[in-house]
Amino acid sequence: MERTADSGTSLRIAIQKDGRLTEKTIDLLEGIGLRFDNYKRSLMLQCRNFDVELLLIRDDDIPEYVQDGVCDLGFVGGNVTAETGADVSVLHGLDFGICRLSLAAPKDGDIKTVKDFEGKTIATSYPNLTQSYLKKNGVNANIVTISGAVEIAPRLEVADAICDLVSTGNTLKANGLEELEVIFESETELIQTNKTLSPGKQKLIEKFMQRIDGHQQAERSRYIMMNAPRSAVPDIKDIIPSLKSPTVMPLADEEMAAVHTVIPIEQFWEVMEKLKAAGASGIVILPIESMIL
Ligand code: PRT
Ligand code: ZN
C-alpha cells in the first residue's frame with residue numbers, strides 16, 4: 001500500500017456505477033496496476049494496492065461531487081461536465097466514450113439548418129448545451145427536457161426535433177432522423193476538483209497521472225522488431241518515426257541486423273509498407289503494457 005504524509009486520506013475517485021463508461025474505466029484503472037474486488041456490487045471500493053478509493057455513482061452526479069470536493073477526481077463524459085457547468089479542471093482526455101451531441105430532425109421534414117429550429121420544440125437531456133448553442137446562433141426554440149428515449153419524441157409528437165448523443169448514428173437512422181448540427185464533441189475525461197488538496201493528495205494525483213500518461217502512450221504505440229540487411233539500416237532509421245533512436249543489434253548472419261523500436265499506432269501501416277520496401281523482413285509487432293519516457 002502506498003501511503004503519503006496524510007496517511008489514511010485516500011484519493012477518492014468517482015466513476016460511473018453501471019453504464020457505458022464503467023467497464024472501460026475499470027479496465028483503465030486495472031491497466032495502470034490498481035486492483036479492486038467485486039466492483040459490480042459496491043458503492044465504495046478500496047483499492048488493494050494504491051491509496052485510492054472508488055465511489056460508484058450515476059454519471060450525472062460525478063461533476064458536482066468532484067466540484068464540491070466529495071471526490072478528488074472523476075471519470076466522466078465531457079458532455080456531462082459541460083452540461084452541469086461544474087467548476088472542475090480537466091486533467092486528461094481519454095480515448096473512450098467518444099460521441100457527439102447533435103441536433104437532429106425528421107429526415108422528411110422541413111428542418112434542415114440551425115435557423116430552421118426557430119420556434120420549434122426540441123427534446124433533449126442536455127437543455128443547457130442545447131440552449132447555449134441555439135442562443136449563439138440567434139435561434140429561439142422551445143426546449144423540452146426528457147431523460148431517456150429522446151429519439152422517439154418526434155414520432156410521439158412531443159417535439160419537432162431532438163438534441164441527443166450520437167456515436168454510430170444508427171439510433172437516429174432507425175428513428176427516421178437526420179443529424180443536422182454537431183453542437184458538442186465529447187470523450188471521457190479525468191476531472192479534478194478545484195478545491196485545495198493536501199500535499200499528500202497532490203503527490204498521489206501526480207503519481208496517478210504519470211501512470212495514466214504511460215498507459216495512454218502505450219495504447220497509442222506499438223513495439224516493432226524486424227530484421228534487415230545492414231546496408232538498409234540507414235534507410236530504415238529514416239523511415240521510423242521513433243520516440244528515441246532505434247536499437248540496432250547484430251545477428252548471426254553478419255550481413256543482417258535486428259532493429260527494434262516503438263512507433264505511433266496511427267503511422268503503423270504507412271511505416272510498415274515503407275519498411276518492407278526498404279528490405280526489412282520478419283517484422284513482428286507487439287502491444288506495449290506501459291511506457292515511461
Ligand atoms: O445511469 P447513468 O446516469 O450513470 O448512465 P446514463 O444512462 O446517463 O449514461 P450511459 O451509460 O448511457 O452513457 C454514459 C456516457 O457514455 C455518456 O454520458 C457519454 O459520455 C458516453 N457515450 C458515448 C454515449 C454514447 N456514446 C451513446 N451512443 N452515451 C449515450 N449514447 C446513446 C445515445 O444517447 C443514443 O441513445 O446511444 C444512442 C446513440 O448511439 P448510436 O451508436 O446509435 O449513434
Ligand atoms: Zn446519466
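**Local features of a predicted zinc-bound model**

Glu 157 is placed in the loop between S8 and S9, where this residue, although not a glycine, has a positive phi of about 60°. With a relative accessible area of 73%, Glu 157 is exposed. The loop between strand S8 (142-145) and S9 also holds Ala 149, for which a positive phi of about 50° is found although Ala 149 is not a glycine either. The relative accessible area of Ala 149 is 44%, and the residue is therefore partly exposed. As background to these two residues, most residues other than glycine have a negative phi.

The structure described here is a predicted model, and the confidence assigned to it can be summarised for the protein as a whole. The mean pLDDT is 93, with 96% of the residues reaching 70 or more. Over residues 1-7, by contrast, the pLDDT is below 50, although in the model this stretch has 17 contacts beyond near neighbours in sequence.

The zinc ion (ligand 2) has Asp 59 and Asp 60 as its protein donors, each through OD, at 2.0 to 2.1 Å from the ion. Four donor atoms surround the zinc ion (ligand 2), and because the angles they subtend range from 76 to 170°, the arrangement is irregular. For comparison, the ideal angle for four tetrahedral donors at a metal is 109.5 degrees. Of the protein donors, Asp 60 is partly exposed, its relative accessible area being 37%.

The nonpolar interior was examined next. In the largest nonpolar core there are 29 residues, and those with the most contacts inside it are Ile 62, Leu 103, Phe 117, Ile 122, Leu 134 and Ile 183. Two or more residues are given to this core by each of S3, helix H2 (62-67), strand S6 (99-106), helix H4 (127-136), strand S9 (161-166) and strand S10 (177-186). A second core, separate from this one, consists of 27 residues and includes Leu 11, Leu 34, Leu 204 and Ile 205. Such groupings may be read against the tendency of nonpolar side chains in soluble globular proteins to be buried together. When residues up to four places away in sequence are not counted, Ile 62 touches Ala 14, Ile 15, Gln 16, Ile 57, Gly 74, Phe 75, Val 76 and Ile 191.

Eight salt bridges are counted in the model. One of them joins the side chains of Glu 53 and Arg 12, with an N to O distance of 2.8 Å; this pair links distant parts of the chain, since Glu 53 belongs to strand S3 (residues 52-57) and Arg 12 to strand S1 (residues 11-16), 41 residues apart. Glu 53 counts as buried at 14% relative accessibility, whereas Arg 12, at 25%, counts as partly exposed. A salt bridge is also formed by Arg 48 and Asp 37, whose closest N and O atoms are 3.1 Å apart. Because Arg 48 lies in the loop between strand S2 (44-46) and S3, and Asp 37 in the loop between helix H1 (22-31) and S2, this pair ties together parts that are eleven residues apart in sequence. Asp 37 counts as partly exposed, with a relative accessibility of 42%. Another salt bridge brings together the side chains of Glu 270 and Lys 274, at 3.5 Å from N to O. Both of these residues lie in helix H8 (residues 268-278), where four residues, or about one turn of the helix, separate them. Glu 270 is partly exposed, with a relative accessible area of 48%, and Lys 274 is likewise partly exposed, with 44%.

Several further positions were considered individually. Met 226, in strand S12 (residues 221-229), counts as buried at 1% relative accessibility. Apart from its neighbours within four places in sequence, Met 226 is in contact with ten residues, among them Ile 236, Ile 240, Val 259, Leu 275 and Ile 283. The C-alpha atoms of Met 226 and Met 249, which are 23 residues apart along the chain, are separated by 10 Å. His 215 lies in helix H6 (residues 199-219) and is buried, its relative accessible area being 10%. With neighbours within four places in sequence left aside, the contacts of His 215 are Leu 28, Gly 31, Ile 32, Glu 289 and Ser 290. Gln 267, found in the loop between strand S14 (256-264) and H8, counts as partly exposed at 29% relative accessibility.

Notes
Residues numbered from 1 in each chain as written. Chains lettered and ligands numbered in written order. Predicted model: local features only at pLDDT ≥ 70, side-chain atom pairs only at ≥ 80, totals over all residues. Heavy atoms only, no water. Donors = N, O, S within 2.8 Å, 3.2 Å for Na, K, Ca; no water. Tetrahedral: all angles 85-135°; square planar, octahedral: opposite > 155°, others 65-115°. Buried < 20%, exposed > 50% of the residue type's maximum accessible area, 1.4 Å probe, protein only. pLDDT = per-residue confidence, 0-100. Contact = heavy atoms within 4.5 Å. Salt bridge = Lys/Arg side-chain N within 4 Å of Asp/Glu carboxyl O. Core = buried A, V, L, I, M, F, W, Y, C linked by side-chain atoms within 4.5 Å.
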